[in-house]
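Welcome to this guided tour. Open your viewer, get comfortable, and follow along one selection at a time.

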Amino acid sequence: MISSEFIKDAARRAGFDLCGVVSCRHFAEDEHRLREWLAAGYGAGLHYLERNIDKRFDPSKLVEGAKSVVVCAVNYKSPRSLGYPAVCHTKIASYACNRDYHSTIKEMLATLYTTLREVHPSLKSRTFTDSAPLLEKRLAVEAGLGWIGRQSLLVTPEYGTFVLLGELLIDEEADSYDTPFEGSRCGECRRCIDACPTKAILPTKNIDTRRCVSRLTIESGIESLCDDSNADGSATNLSGWIFGCDICQSCCPYNRNTPYSSNPHFATPFDPAEITPEEWLSMSEEEFAERFGHTPLIRNGLQRIQQNIKHQ
């Protein structure tokens, strides 16, 4: 058995801002909701959501022998997280203005695991961050870190929605587990629903990914941005976004007074508002790789970003 407080202290030393520990179990209700959501067509071609559903909702099936999930969160908020000038047509989601968080968080989780192994040398684990069929946001709620807001994102009292999650699945039981966060603090607020330029946020705390700007600029092919992509025949409004979107976060009251990240890994090295569309369109592949090869932008590639700019 491993001490929950020891885990949390090790997580803080590894650079995480929040940490909770939960027991592995089957989340049957969440599985039912996802199956209904997929059946309604909201997955919009994101076929990876349809794979390994049984593992997604039961961590013990994802990692054999797993008994506990250590859920960690790190604040990545920067000044650019709160929005761009209205005239900007090169907007990039603020998480992507840093080194790729997958690499950063996995390194932090590896540091956490090393610390735990110093006291529990036989401990076995696997690390995850947005890269496997794991119910990250629900696990974060179970770990007491926050609630799921109307825009379907985790909202934490301390840092709002500008947090990135990572998980450590371990084969030991903890001496205590955290109490799930009860209820929602969104109240009657609808700012995220009203602010979404494509009306992608549904009343059920789900996202119609067929309309989501983040998916349209990252996940889907440029063909989905054609003029007949909407039911009324109108063009999809990207509102100046060329990679991801922060609108449903920047308008959230819980992000207004939260602190900026103090983690050096999330010190943004560039400001998208200072790069003009003309600069992007004249940029060479070599320059793109040199300037942005360490960021999530490399996932799209320069050509795709240029296509998104031309669609504005």
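Which residues does W241 touch, not counting residues up to four places away in sequence? Select W241 and show its surroundings: you will find Y84, K91, I92, A93, V213, T217, D246, I247 and Q312. Please keep in mind as you look that this is a predicted model.

**Stop 1: around W241**

With W241 still selected, colour by secondary structure. W241 sits in strand β8, which covers residues 241–243. Its relative accessible area is 3%, so W241 counts as buried. Now add H89 to the selection. The C-alpha atoms of W241 and H89 are 6.5 Å apart in space, while 152 residues separate the two in sequence.

**Stop 2: the whole chain**

Zoom out for a moment. The protein chain has twelve helices and eight strands. It is 312 residues long, and 51% of them count as buried. Take the contacts between residues at least 6 apart in sequence: 77% of these join residues at least 24 apart. If you switch on the surface, you are looking at about 14400 Å² of accessible area, with 48% belonging to carbon and sulfur atoms.

**Stop 3: the four-stranded sheet**

Next, select β1, β2, β7 and β4. These four strands form an open sheet in the order β1-β2-β7-β4, with antiparallel pairing. β1 (18–23) and β4 are the edge strands; each has a single partner strand, so one side of each is left without a neighbour in the sheet. Turn the view to look along the sheet: from one strand to the next, the twist averages 20°.

Zoom in on β1 and β2 (residues 68–75), which pair in the antiparallel sense over six bridges. Pick G20, and opposite it you will see V71 in β2.

Which helices can you show with this sheet? Add helix α1 (residues 4–13), which lies across β1, β2 and β7 (163–170) and runs at about 145° to β1. Then add α5, which packs on the sheet and touches β2, β4 and β7; its direction makes about 40° with that of β7.

**Stop 4: just past α5**

Follow the chain into the loop between α5 (101–119) and β4 (125–128), and select H120 there. Is H120 buried or exposed? Its relative accessibility is 17%, and because buried means under 20%, H120 counts as buried. Leaving aside neighbours within four places in sequence, H120 is in contact with M1, I2 and F6.

**Stop 5: salt bridges**

The structure holds ten salt bridges. Start with D178 and K8, whose closest N and O atoms are 2.7 Å apart. This pair links distant parts of the chain: D178 is in the loop between β7 and α7 (191–195), K8 is in helix α1, and they are 170 residues apart. D178 is partly exposed at 23% relative accessibility, whereas K8 is buried at 13%.

Stay on helix α1 and select R13 and D9, which are four residues apart, about one turn of the helix. They form a salt bridge with closest N and O atoms 3.1 Å apart. R13 is exposed, with 55% relative accessibility, and D9 is partly exposed, with 31%.

For the last selection, choose E219 and R299, a salt bridge with closest N and O atoms 2.6 Å apart. E219 lies in the loop between α8 (213–218) and β8, and R299 in the loop between α11 (285–292) and α12 (302–310), 80 residues apart. E219 is partly exposed at 34% relative accessible area, while R299 is exposed at 52%.

Note on methods: Residues are numbered from 1 along each chain as its sequence is written. This is a predicted model: local features need pLDDT of at least 70, side-chain atom pairs count only at pLDDT 80 or more; totals for chains, interfaces and linings use all residues. Side-chain values use heavy atoms; hydrogens and water are left out. Helices (H or I, at least four residues) and strands (E, at least two) are DSSP runs, numbered from the N terminus. Buried means under 20% relative accessible area, exposed over 50%, partly exposed in between (1.4 Å probe, protein chains only). Contact means heavy atoms within 4.5 Å. Accessible areas come from the Shrake-Rupley method with a 1.4 Å probe; for residues, only the protein chains shown count as cover. Two strands pair if DSSP finds at least two bridges between them. Axes are lines fitted to C-alpha atoms, for helices over the stretch in contact, and angles run from 0 to 180 degrees between N-to-C directions. A salt bridge is a side-chain nitrogen of Lys or Arg within 4 Å of a carboxyl oxygen of Asp or Glu.
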